[in-house]
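Me: I am new to this structure. Please show me how to read its features, one at a time.

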Amino acid sequence: MSEASVAPTTPAPADLVIRDAVVLAWDETRGIHFLPGHDVVVRGGLIDAVQPTGTAVAALEVIEAHGMVAMPGLINCHAHSPMVLFRGVAEDVNEERWFNEFIWPMEVNLTEPDIELGARLAASEMISTGTTTFADHYFGMDAIARSTEETGLRALLGLTYFSSDGPAGLERGLDFAERWAGRGDGRITAALAPHAPYTVGHDDLVATARAAVEHELPIHIHASESRSQTRHSLDREGVTPIEVLRRAGLFDARVLIAHGIGIVPEDLPTLAGARVGVGSAAKGYLKHGTDTTPVRVLRDAGVPVGLATDGAASNNTSDLWETMTFFALVQKAVERDQSFLTAREVLEHATIQSARAIGREHDLGRIAPGFRADLLLVDLTGPRTQPVHDLAATLVYSAHSDDIDTTIVDGRVLMRGRRLLTVDVAALTAEIAPRLPRLTDRSHGRSIQDYDA
């Protein structure tokens, strides 16, 4: 048979085509911009192409997205997902009482089945409000990992430990990481998660740093959570919390810092030269009457700042879209500068910078060929979002998370038409309800730790 007579091969159908969306795109020169009338083609959990609508592509599934924005899924850079179980039970008290009289005594009551149910409830909330990846730092991490595997989310998971756990704390964290890294079809990655420099001593931080480098694991840790913590560290240790981490060698590994509110100018040379990101949970800071993450100085130093919800016991929701709006408003208020953080820059923090903060800028946070197909479709046809003069401003300041129509992770649709496909919320909440009196009981007089930061 001659070469000319060989029939051309027909490419296999795409797994999914999102048709006729306005695609939120990003590149180094233009930053955040929008491509109207484009299709997103997904194959094997990856974005295969972003192309003008009208290009013929066979697909196993097509989602018609006219009137919707296709954007990268949101990345929650710091969460304690099972704390949804304590939503609303520790209100209007100061930080010391919040920990010592309410949260840490109640967390003693948690069993692994409780944690799994709480994580699943949080997962359903995250899927419905646009989070596709979350970085979780908590106890009972096997239960959270199982929930992640079952509900279809992507996660960076680390088992919390304290120096009061002894060497077993780090050992359990390493064991978890070795057993779960790569599970969930690659959607689960693992970190080491020492609680904080005020609950984990120098020797244990040094051991953590060595283990992280040896096993090529990131470190997820609370640090400089408030300005008062920085002052107390200076009084007790003579150095800032960031310097405590540096002296222990943590910045030899990749580090994800929760909050970073107390970061001061002398910390910036250390952070600017490290593989480090910060997760900022703006709503919770307002609610607790604290200062907020110093985004301007961190941006100027080249340190990525991603968005975070923290736990729902302090934030009351796991809604990262809500956090995005608060993040924008709070930064303008504290800087007393209406021009600081444009809507496009806020969207960059919610996508590109959040991906950088967790060390996943190579495959998350963008709609581009080769990136994971973690996507949202946002319906802007409702009255709250019309008319649209500036699409970025509409997303940040007018749209709410309940405008999200579809959530996709790794090319798998987890919510469509606002209907969750991997969690039965009614059955879940019915199973949780009878557990609540036991979970919120504090009469036993025990506590996870004593808060003295």
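Reply: Start with strand pairing. Two strands pair if DSSP finds at least two bridges between them. This is a predicted model. In it, five bridges join strand E10 to strand E11. E10 covers residues 219–223, and E11 covers residues 255–259.

Me: Do E10 and E11 run parallel or antiparallel?

Reply: The two strands run parallel. Take one bridge as an example: His-222 has Ala-258 in E11 as its bridge partner.

Me: Why is E10 said to be largely enclosed by the rest of the structure?

Reply: Look at burial. Buried means under 20% relative accessible area. Five of the five residues of E10 are buried, so the strand is largely enclosed. Now check its two faces. Ile-219, Ile-221 and Ala-223 are buried on one side. His-220 and His-222 are buried on the other.

Me: What is the opposite case, and how do I read backbone angles?

Reply: Exposed means over 50% relative accessible area. Glu-216 counts as exposed because its relative accessibility is 73%. Glu-216 sits in the loop between H5 and E10. As for angles, most residues other than glycine have a negative phi. Glu-216 is not a glycine, yet its phi is positive, about 55 degrees. Asn-316 also has a positive phi, about 75 degrees, and is not a glycine either. Asn-316 lies in the loop between helix H11 and H12.

Me: Which peptide bond is cis?

Reply: Most peptide bonds are trans. The bond from Gln-386 to Pro-387 is cis, with omega near -10 degrees. Find Pro-387 in the loop between strand E14 and helix H14.

Me: Now pockets. How much space lies in the largest pocket?

Reply: Read volume first, then lining. The largest pocket holds about 360 Å³ of space. It is lined by 21 residues, and the closest to its centre are Arg-227, Asp-291, Thr-292, Thr-293 and Pro-294. Helices H9, H10 and H12 each supply at least two lining residues. H12 gives the largest share, five residues. By class, the lining has 13 nonpolar, five polar and three charged residues.

Me: And how much space lies in the second largest pocket?

Reply: About 300 Å³. Of its 16 lining residues, the closest to the centre are Pro-197, Tyr-198, Ser-233, Glu-237 and Val-244. Helices H5, H6 and H7 each supply at least two residues of this lining. H6 gives the largest share, five residues. The classes here are eight nonpolar, five polar and three charged.

Technical notes:
Residues are numbered from 1 along each chain as its sequence is written. This is a predicted model: local features need pLDDT of at least 70, side-chain atom pairs count only at pLDDT 80 or more; totals for chains, interfaces and linings use all residues. Side-chain values use heavy atoms; hydrogens and water are left out. On a 1 Å grid over the protein atoms alone, a cavity is a set of points where a 1.4 Å probe fits but cannot get out, and a pocket is an open set with protein on both sides within 12 Å along at least five of seven lines; lining residues have an atom within 4 Å of a point. Grid points are joined across faces, edges and corners, and a volume is the space filled by probe spheres set on the points. Helices (H or I, at least four residues) and strands (E, at least two) are DSSP runs, numbered from the N terminus. Ala, Val, Leu, Ile, Met, Phe, Trp, Tyr, Cys and Pro count as nonpolar, Asp, Glu, Lys and Arg as charged, and the others, Gly among them, as polar. Buried means under 20% relative accessible area, exposed over 50%, partly exposed in between (1.4 Å probe, protein chains only).
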